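Trainee: I should be grateful for a close look at a single part of this structure. Please set it in the context of the whole chain before turning to the details.

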Amino acid sequence: MLFFTLPLLGVSVIAIGALFAWFRIRSLRGPAVVHSLALIVGQNLPLAAGLRAAAQRERKPLRRILERMAQRLERGDSLATSLRMAYPACPGYIFGAIQGAEEIGTLPSVLRALASDERQRPPSRGISPAVPYFLGMLLLVPLVVSAYCIFIAPKLKDIFGDFGVAQLPTPTRYLLAICGAATGNSAWPPIVLFTLIIGVVQFTLWRYLTPRVPDRLQWLPAAFDALAWHLPLARRVAQTRALARQLPVLQAAIRAGHDLPVSLRQAARVDANYFARRRLRRWADAIEAGDDPLQSARRMGLPAPLLAALRAGRDPGDLGAALAYLCAYYRGLSIHWEHVLASLLTPCVVLTWGACVGFVALAVILPIVSLTEAVMARMY
């Protein structure tokens, strides 16, 4: 059964990697779709006809998305619904921003903000070096450990018993117990592996095909968001990523002439951390109840750069300019945190696998001392 598990493990890792790559490639078409929509809406062209005209200049995958959107629009669907049905892998923050913009009538300004934000993003930096290392170790380490469990570990106890070693070191006993469980109960590795594969596939499908729905509490995304929001370092990363997505929409709504509460409610519809979206909605409620925007923002725990922008932007025009600076600031800060997390991933993976290999090496080397002492006692 173990010999069957190892090829299944390799095929599963390759299949999951291919699934992630496929969804990643599909999500990269989002900026092209946003750019096409921004051009069509900015020129006051009919959406369905403009999408069909834009589709003629694109390659087949993107052309198919634009044509499906045009078909949905001709049936009477909204732009957000057409986008979701024609392009299921559309990033959630784009879908949420367009859905909110349609409801309050700021679609041109929001599309311009999204297109500008995508143009200012740096080109793809590729995957972190830790990812192929982790996948390689995921294949190599089970192979080595399984070979050890099958061919070496069952004979160690007999060899030590023949030489009169009565008590093995604690790490060796633990390793032999693990190996005995693996070889004696050979049905559980495929079961555990199958469970992990199903979990990863379900998480992938949920992540890419089921974005957060505005104004609705979704328990699985909320659980991940709660974990990220209440851990010290993860909270800073989650807050930065949320503001990097919300501020361009907030700025676009304010420049379109909407007041701050309406703009905040639209920014809260962007696919971001649930607690970050709830904070914007509560801030909008407080302003509508008569509170000062700056004081209520301070009570909500909003970061200092945003408070400074509110102090400097008492006039809506000044606030729009201050928010433009904050958009660039939080975009760069979000990229910085991505670099930091990628840099932390590599040593964590190395230390984890190093601890596993060190335990196996210690469990193998320690009995050699006992074995040497037993042989020397027999000789002398």
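**A close look at helix α14**

Mentor: Of the 380 residues in the protein chain, 42% are buried. The model is a predicted one. Its secondary structure amounts to 17 helices and zero strands. Among contacts in the chain with a separation of 6 or more, 64% join residues 24 or more positions apart. The chain exposes about 20400 Å², and 65% of that area is supplied by carbon and sulfur atoms.

The part to examine is helix α14, which covers residues 274-288. Its length can be checked by simple reasoning: the expected span is 1.5 Å times one less than the number of residues, so the 15 residues of α14 should span 21 Å. The C-alpha atoms at its two ends are 21 Å apart, in agreement with that expectation.

Both ends of the helix have a local feature to inspect. At the start of α14, a side-chain oxygen of Asn 273 comes to within 2.9 Å of the backbone nitrogen of Phe 275. Just after α14, Gly 290 adopts a positive phi of about 110°.

Between these ends, α14 is mostly covered, with eleven of its 15 residues buried. The buried set includes the aromatic residues Tyr 274, Phe 275 and Trp 283. Arg 277, Arg 279 and Arg 281 are also buried, as are Ala 276, Leu 280, Ala 284, Ala 286 and Ile 287. The partners of these buried residues are other helices: they pack against α11 (219-230), α12 (232-255) and α13 (260-267), and also against α15 (293-299) and α16 (304-312).

The packing against α12 can be followed at one residue, Gln 246, which lies in that helix. Gln 246 has a relative accessible area of 3%; the cut-off for buried is under 20%, so Gln 246 counts as buried. Leaving aside neighbours within four places in sequence, Gln 246 is in contact with Ala 276, Arg 277 and Leu 280, among others. Those three residues are in the buried set of α14. Gln 246 also touches Ala 267, Val 270 and Ala 272.

Two other regions may be set beside this one. Helix α5 (residues 79-86) is likewise mostly covered, six of its eight residues being buried; Leu 79, Ser 82 and Arg 84 are among them. By contrast, Tyr 174, found in helix α9 (residues 170-184), counts as exposed because its relative accessibility is 54%. Together with Ile 178 and Phe 359, Tyr 174 makes a nonpolar surface patch of about 310 Å².

Definitions and conventions
Residues are numbered from 1 along each chain as its sequence is written. This is a predicted model: local features need pLDDT of at least 70, side-chain atom pairs count only at pLDDT 80 or more; totals for chains, interfaces and linings use all residues. Side-chain values use heavy atoms; hydrogens and water are left out. Helices (H or I, at least four residues) and strands (E, at least two) are DSSP runs, numbered from the N terminus. Buried means under 20% relative accessible area, exposed over 50%, partly exposed in between (1.4 Å probe, protein chains only). Contact means heavy atoms within 4.5 Å. A polar contact is a pair of N or O atoms within 3.5 Å; within protein, one must be able to donate a hydrogen and the other to accept it, and residues adjacent in sequence count only if both atoms are side-chain atoms. Patches are made of residues with over 30% relative accessible area and no salt bridge: like charges are joined within 9 Å, nonpolar side chains (Val, Leu, Ile, Met, Phe, Trp, Tyr) within 5 Å. Accessible areas come from the Shrake-Rupley method with a 1.4 Å probe; for residues, only the protein chains shown count as cover. A salt bridge is a side-chain nitrogen of Lys or Arg within 4 Å of a carboxyl oxygen of Asp or Glu.
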